[in-house]
Amino acid sequence: MAFASPVTVVYPRMESLDRILGSSVKNATGDHLGVIHSLMIDTASGLVTFGVLSSGGIMGLGEKLYPVPWQALSRDPKEDEFTLKVRKETFETAPSFDKGHWPKSDDLAWFERVYHFYGVEPAWETKVM
């Protein structure tokens, strides 16, 4: 006689954009990586695809923006910080851009490179069964 394995039910967690923007992002060892500057949304599906982290620079000068796949960020609901499982040295080599030069929204190859950098399957390649 076979028994069914336990099922974990995941409920949606709704959060205000005000609570997300400006949140600090650290890695698993506690190194500060940046702050969530913006979110990128796939307007076709309505899904958040990237959290855009601002990092580096002084008072906004020399600051870089790093798109991070939303699935790569995690947060304990009781915490205000997000965690990204990547070494600080690795993060510093991640695909980035300047505030005045955002990637073109139709440059799929660039966005795929970002997903692959973080070892996450692009949202548009995820198969739904």
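## A walk through the fold

Start with the cartoon of the protein chain: you'll find 3 helices and 6 strands, taken as DSSP runs numbered from the N terminus (helices are H or I with at least four residues, strands are E with at least two). Trace the chain along the sequence and the pattern reads α-β-β-β-β-β-β-α-α.

This is a predicted model, where local features need pLDDT of at least 70, side-chain atom pairs count only at pLDDT 80 or more, and totals for chains, interfaces and linings use all residues. Residues are numbered from 1 along each chain as its sequence is written, and side-chain values use heavy atoms, with hydrogens and water left out.

Now color by pLDDT, the predictor's confidence in each residue from 0 to 100. The chain averages 86, and 86% of the residues score at least 70. Select S4 for the highest confidence, a mean of 96, then helix H1 (residues 17–20) for the lowest, at 87.

Next, select Val25, Ile36, Leu53, Val68, Leu84, Phe91 and Tyr118: these have the most contacts inside the largest nonpolar core, which has 26 residues. Such a core is a set of buried Ala, Val, Leu, Ile, Met, Phe, Trp, Tyr and Cys residues joined through side-chain atoms within 4.5 Å; buried means under 20% relative accessible area (1.4 Å probe, protein chains only). Strands S2 (32–42), S3 (47–55), S4 (64–69) and S6 (82–84), plus helix H3 (108–117), each give two or more residues to this core.

Zoom in on Ile36. What does isoleucine 36 touch, not counting residues up to four places away in sequence? Its partners include Val25, Leu53, Trp70 and Phe82, with contact meaning heavy atoms within 4.5 Å.

Zoom back out: of the 129 residues, 33% count as buried.

Note on methods:
Buried means under 20% relative accessible area, exposed over 50%, partly exposed in between (1.4 Å probe, protein chains only).
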